[in-house]
Amino acid sequence: MVILSILILNKAGGLIYQRDFNEGLKKLSSNDYLVLAGTFHGVHAITSRISPVPGSGGLEVLESDQFRMQCFQTLTGTKFLVFAEPHQPNIDVVCRRVYELYADYVMKNPFYQIEMPIRCESFDRHLMAYIKPKQ
Amino acid sequence: MSNLHNPASPFVPFSPNPAIQSGVASPTTPLSISQKTPQLGSSNLRYASSRKSIYDRHLNRTQRSELSKASFAFLFGEMIQYAQKQVSGIQDLEKKLNIQGYSIGQRLLELLLHREGRSAKRETRVLGILQFVAQTVYRHLFGKPADGLEKSRDNEDEYMLIDNDPAVNSYISVPREMSQLNCAAFVAGIIEAVLDGSLFPSRVTAHSVPTEQYPMKTVFLIKFDESVLERESVMPNN
Amino acid sequence: MPIYSFYIFDRHCECIYVKQWLERERNSLRPTTSSGASIINSPLSGAPDKRISAGTIADQSLRTAPGRLSVQDDAKLVFGVVFSLRNMVRKLSGPEDNFVSYRTGSYKLHYYETATNLKFVMLTDVKMSNLRVVLHQIYVNLYVEYVTKNPLSPVEHPGGEGVAVELFELGLDRFVQTIQEA
């Protein structure tokens, strides 16, 4: 499984984590990533509004010719966006695992300020160890 | 999220503090509640079926009970944040953590010796007490012995206790501007108290020595007091 | 597998055709057609009971259940979503990449864009496989045949003028029927 990139959005739609793992997506400026995160946050809310059937949640999987993105929103409103190569199954498992790592190495870190950008060395390390050997 | 469990509990219930029993402590402590309003047994979260608090149990009963690593991580995180509010520098913070650990170590030594029962003996040699720390104390706290015990080449009075991945630090990422900090200073405090309590006065500090394989590797530097070395030198077979 | 609705947006970002096959609570499977805010000049639109044509916006909002948006507002939101996602996709992986589809827990949106910047959008059940080919066929076999080649149809379709013609609608209905049954 090739994971291209992972983004984490806080509940206000602010980007708190961005990391590329493989070539495939263009490298944007940090400002562009922030704009992108904000846009997606809004789009995500609208996608549940325009549902033709009642009770739909927001966007879960986005597909394009060159990638597939899985969005996992936690009950607390944090969003995990995992970009992978097209037609990759089971990315939701990756999302869950990243959430678990986030809960462990970000939320249990006494030096992390909630809703702020994630700068946790052990989170990086464990994320790397989880994503990289999958190829 | 994590369901990790430490094989052994870092914190075990200690013998009840007489001050609490005499009702000096705030009325919110479970013990005083059970004394003042014994009919309040509807919440059986903290009480055994006998309606007695964990402090009334025999000390050996919870010997092998386990504790959630996650709940410890949250508690320890709060302890660090609490300490951080009261200090100005990294050294101060480590000192605070050391003190927090120290009071645990004092009680822990008592408990461990009590549990050893008749076979318990008072360690009189430096190596003996270090083995006690690396084996018994460490096994009790973290469910595994320490990863290494070394003698300093440069200084006669210094020993190094090595932990490749301290359980207390597993979820902690120290920010770059505080890179000197190692929160295992808390464990250093426990070790220091055990050594002090066994009449090996010493100073214990925690230092991060990251390696490729063990990025969280921590060395506890144990510096014994002069009196310890003096005593050691007059001991037989030395 | 149910198909919920179908939209066409022109290159001026305007919605020129909407069709919803929503299963409303009381009158199930009664199709609703609207095209912009204009009155459809399709002969069928007058047929009672068979088809309800979109008259005015007020007309529309009367029929929508409470809490639901009017068809026009829905179309605007759909356009906003596909437009943002299309731009997001291009920003992330270059102008040659195309936004294909997205799905939520309960519906799936399919997207197809022609070289002339027409945007075809279809909302279906989650389990529907990729409909890009289908949308392309609607464009080639229905839109080009019955709308573009129609000598009476204007070049541009402000307010949906000339899109909702009888042949196109009939063809679309029949086509969607076959997909739903497949």
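## Exercises on strand pairing, helix packing and a chain interface

Strand E5 (residues 99–103) of chain C pairs with E6(C) in the antiparallel sense, over three bridges. The model is predicted.

**Exercise 1.** Determine which strands flank E6(C) and which residues stand opposite C:Leu109.

*Solution.*
1. On the E5(C) side, the two strands form a hairpin with four residues between them. Across this pairing, C:Leu109 in E6(C) is the bridge partner of C:Tyr102.
2. E6(C) is also joined to strand E7 (residues 119–124) of chain C, by six bridges, and these two strands run antiparallel. Here the bridge partner of C:Leu109 is C:Leu123 in E7(C).
3. The hairpin of E6(C) and E7(C) has five residues between the strands, and in it C:Asn117 takes a positive phi near 75°.

**Exercise 2.** Decide whether strand E6 (residues 108–113) of chain C is largely enclosed or not.

*Solution.*
1. A residue counts as buried if 20 or more other C-beta atoms lie within 10 Å of its own.
2. Five of the six residues of E6(C) are buried, so the strand is largely enclosed by the rest of the structure.

**Exercise 3.** Classify the packing of helix H4 (residues 90–116) and helix H6 (residues 185–197) of chain B.

*Solution.*
1. The axes of H4(B) and H6(B) are 6 Å apart, and the helices pack at an angle of about 45°.
2. Angles under 35 degrees count as roughly parallel and those from 65 to 115 as roughly perpendicular; H4(B) and H6(B) are therefore oblique to each other.
3. Their crossing is right-handed.
4. Residues making the contact include B:Leu97, B:Gly101 and B:Leu108 of H4(B), and B:Val187, B:Ile190 and B:Val194 of H6(B).
5. Sorted by class, this contact of H4(B) with H6(B) has 14 nonpolar, seven polar and two charged residues.

**Exercise 4.** Describe the side of chain C that touches chain A, and find the strand pairing between the two chains.

*Solution.*
1. In chain C, 28 residues are in contact with 29 residues of chain A.
2. Strand E1 (3–9), helix H2 (71–93) and E5 of chain C each supply at least two residues of this side. The most come from H2(C), with twelve residues.
3. The class counts for this side of chain C are 14 nonpolar, ten polar and four charged residues.
4. Strand E3 (residues 61–64) of chain A is joined to E5(C) by four bridges, and the two run antiparallel. Opposite C:Ser101 in E5(C) stands A:Glu63.
5. Combining this with Exercise 1, E5(C) pairs with E6(C) and is also joined to E3 of chain A.

Technical notes: Residues numbered from 1 in each chain as written. Chains lettered and ligands numbered in written order. Predicted model: local features only at pLDDT ≥ 70, side-chain atom pairs only at ≥ 80, totals over all residues. Buried ≥ 20, exposed ≤ 12 C-beta atoms within 10 Å, placed from the backbone. Pairing = 2+ DSSP bridges. Axes fitted to C-alpha atoms, helices over the stretch in contact; angles between N-to-C directions. Parallel < 35°, antiparallel > 145°, perpendicular 65-115°, else oblique. Left-handed = near helix turned anticlockwise from the far one by under 90°. Contact = placed C-beta atoms within 7 Å. Nonpolar A, V, L, I, M, F, W, Y, C, P; charged D, E, K, R; others polar.
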